[in-house]
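I am keeping these entries as I look through one structure, beginning with a single residue and then moving on to helices and rings.

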Amino acid sequence: MISEKLQNAINEQITAEMWSSNLYLSMSFYLKKEGFDGFASWMRNQSQEELQHAYDLADYLAKRGGAAKVDKIDVVPQGWGSVQEVFEHVYQHECHVSELIDELVNVASEVKDKASQDFLWGYVREQVEEEATAQNILEKIKKCGDAAGILYLDDKLGQRK
């Protein structure tokens, strides 16, 4: 059985993951409108990944005898300036998500729930990769220098499956 405190914290994370999914979907729509099909496709995949995290957290709660809840999802931003600004926001957001996951691990530790700590450490490891990926893309965008470079990177990111 999962503690009420940890159940509530995981439900908050479910909401955060759904918000993240909407954020990346909004970015996808924006990039598509701006003519960056590859970046838009990459963001859509990110959106789906975040939604899957929400599902996985809900499934975990059910396995532990808890109750997953869908809470209100706040509105996400609808527009950005450049591709670089979009990915600066992605990197900042991934750093924020890492902080949220770290706090979840702290709650699991506080309530001495080793199974949940183990489960959540998977997210800690994934966030290291998410931050590195966002930072890497941002650094490449900064190095592009011209439209041809951005279009090349757009094409490369569009190849992600």
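**Entry 1: a residue in a loop.** In which loop does D113 lie? I looked it up in this model, which is a predicted one, and found D113 in the loop between α3 (83-110) and α4. I then asked myself whether D113 is buried or exposed. Its relative accessible area is 7%, and since buried means under 20%, D113 counts as buried. Next I checked what surrounds this residue: leaving aside neighbours within four places in sequence, D113 is in contact with I2, L6, Y60, R64 and A108. With one of these, R64, the contact is also a polar one, running from side chain to side chain at 3.0 Å.

**Entry 2: two helices.** How do the axes of helix α2 and helix α4 cross? I noted that α2 covers residues 37-63 and α4 covers residues 114-144, and that their axes come within 12 Å and cross at roughly 170°. An angle over 145 degrees counts as roughly antiparallel, and α2 and α4 are therefore roughly antiparallel to each other. I wrote down who meets whom: from α2 come W42, Q46, E49, H53, D56, L57 and Y60, and from α4 come A115, S116, F119, L120, Y123, E126, E130, T133 and I137. Sorting the residues of this contact by kind, I get eight nonpolar, four polar and four charged.

**Entry 3: aromatic rings.** How many aromatic pairs does a search of the whole structure find? The search gives six, and I followed up two of them, among them the pair of W42 and F87, which is tilted, with 5.5 Å from centre to centre and 50° between the planes. W42 lies in helix α2 and F87 in helix α3, so this pair ties together parts that are 45 residues apart in sequence. Both W42 and F87 are buried.

The other pair I followed up is Y60 with F119, which is stacked, at 4.0 Å from centre to centre and with 5° between the planes. Here too distant parts of the chain are linked, as Y60 sits in helix α2 and F119 in helix α4, 59 residues apart. I then compared how accessible the partners are: Y60 counts as buried at 9% relative accessibility, whereas F119, with a relative accessible area of 23%, is partly exposed.

**Entry 4: a cluster of rings.** Which residues do ring pairs link into a cluster? I found F36, F39, W42 and F87, and so I met W42 again, having already listed it among the α2 residues that meet α4.

Note on methods: Residues numbered from 1 in each chain as written. Predicted model: local features only at pLDDT ≥ 70, side-chain atom pairs only at ≥ 80, totals over all residues. Heavy atoms only, no water. Axes fitted to C-alpha atoms, helices over the stretch in contact; angles between N-to-C directions. Helix = DSSP H or I, 4+ residues; strand = E, 2+ residues; numbered from the N terminus. Parallel < 35°, antiparallel > 145°, perpendicular 65-115°, else oblique. Contact = heavy atoms within 4.5 Å. Nonpolar A, V, L, I, M, F, W, Y, C, P; charged D, E, K, R; others polar. Buried < 20%, exposed > 50% of the residue type's maximum accessible area, 1.4 Å probe, protein only. Polar contact = N/O pair within 3.5 Å; in protein donor to acceptor, adjacent residues only side chain to side chain. Phe/Tyr/Trp six-rings, centres within 6.5 Å; stacked < 30°, edge-to-face > 60°.
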